[in-house]
Every structure is written in structure tokens, then in C-alpha cells.
Amino acid sequence: MMPALYRYAAGALAVLTLLAGIWWHGHSRGAAGVQAEWDADRARLNTKLLAQERSARAAEQQHAQALATIDAKYQENERNAQLETDRLRAQLRAGTVRLSVPVVSGSCSLSATGVGAGGSDGAARADIQPAVADDLVALAADADAVVRQLSACQAVARADRLIAD
């Protein structure tokens, strides 16, 4: 009776081993399939992420280039304006250029050279003193500098809006 029991036990053990092997084989193949799907998803996401990073870098470089262009233009305008202001102030100091204002005839005492000087229609004009003219040119240069700064700020804001869109 024992040998038959051993045969049944051995048969049951063989069937259990076979079932365990089949289960393990199916589990391994299923796990490998799931892992392959995960790996494919991860690869797709990585590809998409790399494309987005490249796009962001390109946009960042384009924005940096736009800002560099704005800065270069601003610096050039500042240099040109400073040169022009310096040239005008030197001409005022040398007396080769004079600033004058129109005046109503008889409203102030003018010398004969002040009346009609520089005006083709014979309107009375009064020369501004060189020191005052220099101050007026400096004030105008400061005002122009503020306009150039504002224009540069507006250009930067426009460039920032383009990158945000």
C-alpha cells in the first residue's frame, strides 16, 4: 500500500511541479510584457520631454538674442546721442551755435544784433546766455535719455510677451 501511496504522491508532486512551472512561465512572460510596455512608455515620454527641452532651449536662446539686440541698439543710441550732445555743447561754448527765443518787439530792451538775428521773417529774437543754453541742452539730453530707456523697456516687454506666448 505504501508504494501506491508513493506513486500517487509522486504523481501529485509532478502535477504540482508542472502547474507551478506553467504558472511561473506565464507569470514571467506577462511580467516581461508589462515591463516592455513600461519601457516603451518611458521611452516615448523621454523622447517627448527631450523635444520639449530642445524647444524651450531654442526659445530661450532666441529670447536672449532678442535682448542682446535690444541692448546693443540701446547702447549704440546712447553713444550717438552723447556724441551729438557733446558736439552741440562744444559749439555753444565756442559760440558757433547760439540758442535764441522769439520775443515780442518792444517787450524788452534788445541790442541791434539781437533783433532779427537768425530770423528770415524779421521777427525779433533774443539770444539765450551760453551757460543757460548749456543747461537747456543738458535737460533736453536727459529727457531724450529717458525716452530711449522707455523705448528699450518697451522692446524688452514685447520680447518677453513673444516668449510667453
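Trainee: What is the relative accessible area of Asp-41?
Mentor: This is a predicted model: local features need pLDDT (the predictor's confidence in each residue, from 0 to 100) of at least 70, side-chain atom pairs count only at pLDDT 80 or more, and totals for chains, interfaces and linings use all residues. Residues are numbered from 1 along each chain as its sequence is written, and side-chain values use heavy atoms, with hydrogens and water left out. Buried means under 20% relative accessible area, exposed means over 50%, and partly exposed lies in between (1.4 Å probe, protein chains only). Asp-41 counts as partly exposed, because its relative accessible area is 35%.

Trainee: Which residue meets Asp-41 in a salt bridge?
Mentor: A salt bridge is a side-chain nitrogen of Lys or Arg within 4 Å of a carboxyl oxygen of Asp or Glu. Here the N to O distance is 2.0 Å. Both partners lie in helix α1 (residues 2-94), three residues apart, about one turn of the helix. The partner of Asp-41 is Arg-44.

Trainee: How many salt bridges does the structure hold?
Mentor: Side chains of opposite charge can pair when their charged atoms come close. The pair of Asp-41 and Arg-44 is one case. The count for the structure is seven.

Trainee: Which residue of helix α1 forms a salt bridge with Asp-134 across 41 residues?
Mentor: Asp-134 pairs with Arg-93, with the closest N and O atoms 3.6 Å apart. This links distant parts of the chain, since Asp-134 sits in helix α2 (residues 130-164). The α1 partner is Arg-93.

Trainee: Which of the two counts as buried, Asp-134 or Arg-93?
Mentor: Arg-93 has 59% relative accessibility, so Arg-93 counts as exposed. Asp-134 has 13%, so Asp-134 counts as buried. The buried partner is Asp-134.

Trainee: Which residue joins Arg-93 and Asp-134 in a network of salt bridges?
Mentor: Look at what touches Asp-134, where contact means heavy atoms within 4.5 Å. Not counting residues up to four places away in sequence, Asp-134 touches Leu-92 and Arg-93, and also Arg-89. The remaining member of the salt-bridge network is Arg-89.

Trainee: How far apart in sequence are the parts tied together by Asp-127 and Arg-98?
Mentor: Their side chains meet in a salt bridge (3.1 Å, N to O). Asp-127 lies in strand β2 (residues 125-127) and Arg-98 in the loop between α1 and β1 (100-102), so the pair ties together parts that are 29 residues apart.

Trainee: What pattern does the chain follow along the sequence?
Mentor: Helices (H or I, at least four residues) and strands (E, at least two) are DSSP runs, numbered from the N terminus. The chain has two helices and two strands. Their order is α-β-β-α.

Trainee: Which helix gives the most to the largest nonpolar core?
Mentor: A nonpolar core is a set of buried Ala, Val, Leu, Ile, Met, Phe, Trp, Tyr and Cys residues joined through side-chain atoms within 4.5 Å. The largest one has five residues: Ile-70, Tyr-74, Ala-152, Ala-155 and Ala-159. Helices α1 and α2 each supply at least two of them. The top contributor, with three residues, is α2.

Trainee: Which residues does His-63 contact beyond four places in sequence?
Mentor: His-63 lies in helix α1. At 17% relative accessibility, His-63 counts as buried. Its contacts beyond those neighbours are Ala-159, Asp-160 and Ile-163.

Trainee: What is the volume of the largest pocket?
Mentor: On a 1 Å grid over the protein atoms alone, a pocket is an open set of points where a 1.4 Å probe fits, with protein on both sides within 12 Å along at least five of seven lines; lining residues have an atom within 4 Å of a point. Points are joined across faces, edges and corners, and the volume is the space filled by probe spheres set on the points. The lining includes Ile-70, Tyr-74, Ala-152 and Ala-155. The volume is about 170 Å³.

Trainee: Over which residues is the pLDDT below 50?
Mentor: The chain averages a pLDDT of 86, and 88% of the residues score at least 70. One stretch falls below 50, with 11 contacts in the model beyond near neighbours in sequence. Where pLDDT is low, the predicted coordinates should not be read in detail. That stretch is residues 112-119.
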